[in-house]
Amino acid sequence: VASAASVFDDEDTFKILIATDIHLGYLEKDAIRGNDTYNTLDEILQCAKQNKVDFILLGGDLFHDNKPSRQCLHKCLTMLRKYCMGDSPVRFEILSDQKVNFNTTQFPWVNYQDENLNISIPVFSIHGNHDDPTGAEGLCALDLLSASGLVNHFGHSHSVEKIEISPILIQKGITKLALYGLGSIPDERLYRMFVNKQVSMLRPKEDQDGWFNLFTIHQNRSKHGPTNYIPEQFLDDFLDLVVWGHEHECLIKPTLNEQQLFYVSQPGSSVATSLSPGEATKKKIGLLRVKGRKMKLQEIPLQTVRQFFIEDVVLADHQDCFTPDTPHVTKKVEDYCFAKVTEMLDEAERERLGCRLTPEKPLIRLRVDYSGGFEAFNTSRFSQKFVDRVANPKDIIHFVRRREQKEIKDESSIDYGKLFKPTAVEGLRVEDLVKQYFEAAEQKVQLSLLTEQGMGKAIQEFVDKDEKEAIEELITYQLQKTQLHLQSRGVTTEQDIDAEVRLFRDSKKNTAEEEKDIQEAMNRAKAHRLERGDGDFADQDVSDVNMDSDEGSVPVAAPTRGRGRGSRGRGGRGRGRGATASEPKPAGRGRSQKSSTTSQSRNILQGRGM
């Protein structure tokens, strides 16, 4: 990283404002916090104009919702037009093939070169997991901004089998910048593609060592599971700086990856979307200067971000004040928490003095560990005492119990080279693995309604083609056929139903009728998707649940949905798709649950009103 004295604001220096995860529109209907994201975006754009940057680089999740409201879009368009249009000249040129760089629009060129527009600050942005392309047309909110000429959307990969990241080659004076971008992709899929060497980053043909290589990505950086993140070691070592989006904790200061020898900057979000420790870090954006192969990143604290204070209290550590056997212990604990919250409010008031842009009411979270025999008090009554002083009066207190910490393997000991070596599984299709599993499975987990071939095909469609309704549609189709068959046979008792369902399933195995049924179910899934058009909804990402939320490890039950037009999550990344079809349905209220086959038989009867 270059020193301040070695980088100058001259005709050879790029000045780039970097920000990620603005989440425009988050809680826009909240009476207190509704304008927070709009105020912060206005500050970011105003900062870019004041510093006369060459362009703005956004690392995804500009919008919080996949389908932003009209109010949200209107305010975004208004601010972009206010700050990014004007007569100031753009002092860099693009050397690469723009039809490749901007492949999601009918106007495949950078907006400042459009003769019908007057752009003074170009905005380059990848999409995140909250505002990612969905529907049959594969469009997202950024594409609306792109069509209007206000944002240059790049980094969109159309293939689910192979990704080639082609850089935007930009030159200003003697400085040549290769800007790479990759919009959000489900982490497990992208991890698998890296392992299988299906992701490649193209480089300029001439003078490869003369380019400053900047890459912006929107994926899990923290490890959420074996493959539910992207290790930095997967990225190419020729990169100079990686701007990492999606993670909300502000770690904007560039840190060196000792193995790959590139720097990583994690700007974090500009709004707290969950009351977790990572969100309590002060929010900042960066002013990046690049000259030749040298860089300097200036951190700029955001003034309009609402203050957030979080503190943990372990009641068992305060035995000098109270124990579970202390008389009126619950009242004493409540008084102690009241004093803690008051202290945080006083600290917030001291910090806010002299900063007129900071919102008046802060966010306060007190996490109370009441393990060891303590009782939780009434949080609603407690919150009423602070309703006029905090921005989140309904969830100030969060009770938790101590959990055992699982040992996490040291990531530095992982040999990433072995991940890229071919294994015995290579060459096998998903349906083959499904068939092998059910052939080797015990009788109690054998499929009673579906065939192995049908389930394997549905899973293959889901994995390879991202056909999200394939599995559900197969189950619905087979259930309907089985119900009609049982009706025609006049079967009524549960024992006869179980036997008849197995016979009906086995009679179709490896037959033309089975192939026809599977194809019909897949066609239905595709027809529903095309009919729905852009009916996909991106929900809260897994990092918001696991890392940015402190609501404990108990999963929240997702609402189940019927077939067709219901609200859907993005598989593996959101709040879920409800209960999966392979899970046994609960027996009725007050009844003990019998075997899985009995439960399934009852559902078959109920489905047709038999």
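Which residue of β17 is the bridge partner of Phe-308? It's Leu-363, and you'll meet the pair again in the second view. Keep in mind while you look around that this is a predicted model.

**View 1. The sheet of 6 strands, with a helix lying on it.** Follow the strands across this open sheet and you'll read β5-β4-β2-β1-β14-β15, with mixed pairing. At the edges stand β5 (152-153) and β15 (294-301), and each has a single partner strand, so one side of each is left without a neighbour in the sheet. Zoom in on β1 (residues 14-19) and β14 (residues 284-291): they run antiparallel and are joined by 5 bridges. To spot one matched couple, find Ile-18, whose bridge partner in β14 is Gly-286. Now look for helix α1 (residues 36-50), which packs on the sheet and touches β1, β2 (55-58), β14 and β15. The direction of α1 makes about 175 degrees with that of β1. While you're tracing strands, here's a handy rule: in a regular strand the side chains alternate between the two faces of the sheet.

**View 2. The sheet of 3 strands.** This open sheet has the order β16-β17-β18, and its pairing is parallel. β16 (308-314) and β18 (397-400) are the edge strands, so-called here for pairing on one side only. Neighbouring strands of this sheet are turned against each other by 20 degrees on average, ignoring direction. Between β16 and β17 (residues 363-369) there are 7 bridges, in the parallel sense. Here's our opening couple again: Phe-308 with Leu-363 in β17.

**View 3. Two histidines and the loops that hold them.** His-130 is covered by an "active site" annotation in an unreviewed UniProt entry. You'll find His-130 in the loop between β4 (123-125) and α4 (141-147). Is His-130 buried or exposed? It's buried, with a relative accessible area of 2%. Now find His-64, which belongs to another stretch, the loop between β2 and α2 (70-84). His-64 has 15% relative accessibility, and it counts as buried because the cut-off is under 20%. Leaving out residues up to four places away in sequence, His-64 touches His-23, Leu-24, Gly-25, Tyr-26, His-130 and Thr-273. That list includes His-130, so the two histidines of this view are in contact.

**View 4. Two residues with a positive phi.** Most residues other than glycine have a negative phi. Asp-61 isn't a glycine, yet its phi is positive, at about 55 degrees. Asp-61 is in the loop between β2 and α2, and it is buried, with a relative accessible area of 0%. Lys-197 isn't a glycine either, and its phi is positive too, at about 60 degrees. This lysine is in the loop between α5 and β9 (199-201). Lys-197 counts as exposed, at 62% relative accessibility.

**View 5. Helix α5, wrapped up by its surroundings.** Why is helix α5 (residues 187-195) described as largely enclosed by the rest of the structure? Because 7 of its 9 residues are buried. Those buried residues are Asp-187, Arg-189, Leu-190, Tyr-191, Met-193, Phe-194 and Val-195. Just after α5 comes Lys-197, the residue with the positive phi of about 60 degrees.

**View 6. Strand β13 and its two partners.** Strand β13 (residues 263-266) runs parallel to β11 (residues 241-245), and 3 bridges join them. One place to look is Leu-241, whose bridge partner in β13 is Tyr-263. With β12 (residues 251-256), β13 runs antiparallel, again over 3 bridges. Here Thr-255 stands opposite Val-264. β12 and β13 form a hairpin with 6 residues between them, and Leu-261 in the turn has a positive phi of about 65 degrees.

**View 7. Rings meeting rings, and charges over rings.** There are 19 aromatic pairs in the structure. One of them is Phe-382 with Phe-386, a tilted pair with 5.5 Å centre to centre and 45 degrees between the planes. Both Phe-382 and Phe-386 are buried. Elsewhere, ring pairs link Phe-14, Phe-55, Phe-92, Phe-102, Tyr-112, Phe-124 and Phe-154 into a cluster. Arginines join in as well: the charged end of Arg-203 sits over the ring of Phe-238, 4.2 Å from its centre. Likewise, the charged end of Arg-221 sits over the ring of Trp-244, 5.9 Å from its centre.

Notes
Residues numbered from 1 in each chain as written. Predicted model: local features only at pLDDT ≥ 70, side-chain atom pairs only at ≥ 80, totals over all residues. Heavy atoms only, no water. UniProt positions renumbered as here; feature names shortened; annotations may be inferred. Helix = DSSP H or I, 4+ residues; strand = E, 2+ residues; numbered from the N terminus. Buried < 20%, exposed > 50% of the residue type's maximum accessible area, 1.4 Å probe, protein only. Pairing = 2+ DSSP bridges. Contact = heavy atoms within 4.5 Å. Axes fitted to C-alpha atoms, helices over the stretch in contact; angles between N-to-C directions. Phe/Tyr/Trp six-rings, centres within 6.5 Å; stacked < 30°, edge-to-face > 60°. Lys NZ or Arg CZ within 6 Å of the ring centre and 35° of its normal.
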